[in-house]
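Q: I am new to this structure and would like a close look at how one part of it is packed. Could you walk me through it step by step, and point out any unusual backbone spots along the way?

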Amino acid sequence: MLAKVCSAAVSGIEAYPVEVEVNAGYGDTLIVIVGLPDAAVKESRDRVTTALANSGFSFTFGRTTINLAPADLRKAGPAYDLPIAVGILAAMRQVSTQLDDALILGELSLDGGVRHINGLLPMANMAAKGGFHRLFVPACDAPEAALVEEIAVYPVRTLSELAAHLRGDQSIERYVNGLPFNGDVETSYPVDFSDIKGQEHAKRALEIACAGHHNALMKGPPGAGKTLLARALPSILPRLTLRESLDISRIYSVANALPDGDPLVRTRPFRAPHHTI
């Protein structure tokens with residue numbers, strides 16, 4: 001039997017839909033994954049089969065072919081574990097096959113638990129724009145996915161829990177974002193511009209640069225205060241809008257650098273690369 005499950009891939013900071021097709025055939029037991037997978041994706045067959053067995057599901061197919069379409073887009077990372085497992089269960093008719101409006105993402109542990117993945121925010125954004133209505137993600141990543149309010153987010157802790165939900169035995173409650181964006185709240189920075197004493201000419205120059213969207217080049221001996229002024233600069237910039245905050249958070253999501261406790265970046269970032277780069 002052929003089953004199809006929708007997932008997503010990240011290229012740069014943009015996400016693209018990926019269709020996971022699972023076809024169960026006859027012959028010797030063999031699982032083949034095609035569609036330009038990397039090593040982590042190829043290894044998912046061992047994680048998925050072990051997770052299925054440890055979750056109480058039987059796997060009795062012969063040759064099983066798993067295609068990740070489109071075939072010309074490179075697939076990387078373990079985020080396809082959960083959609084592959086659901087595709088296998090759908091092909092075995094152990095869960096509902098009505099999954100056209102759902103996007104499924106997540107890495108599986110060997111006991112069937114669902115683990116964190118990177119780049120979830122751009123995937124959720126793509127799902128909302130692509131017409132999907134349901135998004136199944138690891139429970140630990142639900143706050144991040146729920147930043148996109150146009151799609152219903154369901155936190156998944158285990159493969160068995162998701163299978164029960166898709167069978168209609170036990171529903172997973174939709175996650176509601178408990179950290180709404182409020183653009184009127186004053187943000188705090190590690191270094192505030194008002195804390196810098198002296199340096200009046202330098203501060204005036206930076207104020208003009210910020211007001212006019214200009215670049216600024218600071219030159220001086222070590223210890224003159226260049227880095228301190230640069231670190232304090234974001235504190236005099238306008239507050240982030242929701243769109244700016246989501247764009248920054250999307251980059252941090254792909255880099256797995258989102259702050260703990262709040263998946264939305266609410267302050268303007270400061271980067272200090274070394275001059276030798």
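**A ring pair and its surroundings**

A: Happily! Counting rings whose centres lie within 6.5 Å gives 1 aromatic pair in this predicted model. The partners are phenylalanine 136 and tyrosine 154, with ring centres 5.2 Å apart and planes at 25 degrees. Planes under 30 degrees apart count as stacked, so this pair is stacked. To find the two rings, look for strand S8, residues 134-138, which holds phenylalanine 136, and strand S9, residues 152-156, which holds tyrosine 154. The two rings are 18 residues apart in sequence, so the pair ties together separate parts of the chain. Both phenylalanine 136 and tyrosine 154 are buried.

Now follow the chain to helix H6, which covers residues 159-167. Among its residues, Leu159, Leu162, Ala163, Ala164, His165 and Leu166 are buried. What does H6 pack against? One partner is helix H3, residues 81-91: the axes of H3 and H6 come within 11 Å and cross at roughly 50 degrees. That angle makes H3 oblique to H6, and the crossing is right-handed. On the H3 side you will find Leu82, Ala85, Val86 and Leu89, which meet Leu159, Leu162, Ala163 and Leu166 of H6. This contact consists of 8 nonpolar residues, with no polar and no charged ones. Four of the names should look familiar, since Leu159, Leu162, Ala163 and Leu166 also appear among the buried residues of H6. Just after H6 comes a small backbone detail: glycine 168 takes a positive phi of about 90 degrees.

Helix H3 has another neighbour, helix H2, residues 44-54. Here the axes come within 10 Å and cross at roughly 55 degrees, and H2 and H3 are therefore oblique to each other. H2 passes H3 in a right-handed crossing. From H2, the residues Ser44, Arg47, Val48 and Leu52 take part, and from H3 they meet Asp81, Ile84, Ala85, Ile88 and Leu89. By class, this contact has 6 nonpolar residues, 1 polar residue and 2 charged residues. Ala85 and Leu89 of H3 meet residues of H2, and Ala85 and Leu89 are also on the list of H3 residues that meet H6.

What leads into H3, and what follows this helix? Proline 70 sits in the loop between strand S4 (63-69) and H3. A cis peptide bond joins alanine 69 to proline 70, with omega of about 10 degrees. Past H3, arginine 93 is found in the loop that runs on to strand S5 (102-104). Its phi is near 60 degrees, a positive value in a residue other than glycine. Is arginine 93 buried or exposed? At 67% relative accessibility, arginine 93 counts as exposed.

One more spot is worth finding, farther along in the numbering. Asparagine 256 lies in the segment after helix H9 (242-254). Asparagine 256 is not a glycine, yet its phi is positive, at about 55 degrees. With a relative accessible area of 45%, asparagine 256 is partly exposed.

To put the picture together, start at the stacked rings of phenylalanine 136 and tyrosine 154, move to the contact between H6 and H3, and then cross H3 to its contact with H2.

Definitions and conventions: Residues numbered from 1 in each chain as written. Predicted model: local features only at pLDDT ≥ 70, side-chain atom pairs only at ≥ 80, totals over all residues. Heavy atoms only, no water. Phe/Tyr/Trp six-rings, centres within 6.5 Å; stacked < 30°, edge-to-face > 60°. Helix = DSSP H or I, 4+ residues; strand = E, 2+ residues; numbered from the N terminus. Buried < 20%, exposed > 50% of the residue type's maximum accessible area, 1.4 Å probe, protein only. Axes fitted to C-alpha atoms, helices over the stretch in contact; angles between N-to-C directions. Parallel < 35°, antiparallel > 145°, perpendicular 65-115°, else oblique. Left-handed = near helix turned anticlockwise from the far one by under 90°. Contact = heavy atoms within 4.5 Å. Nonpolar A, V, L, I, M, F, W, Y, C, P; charged D, E, K, R; others polar.
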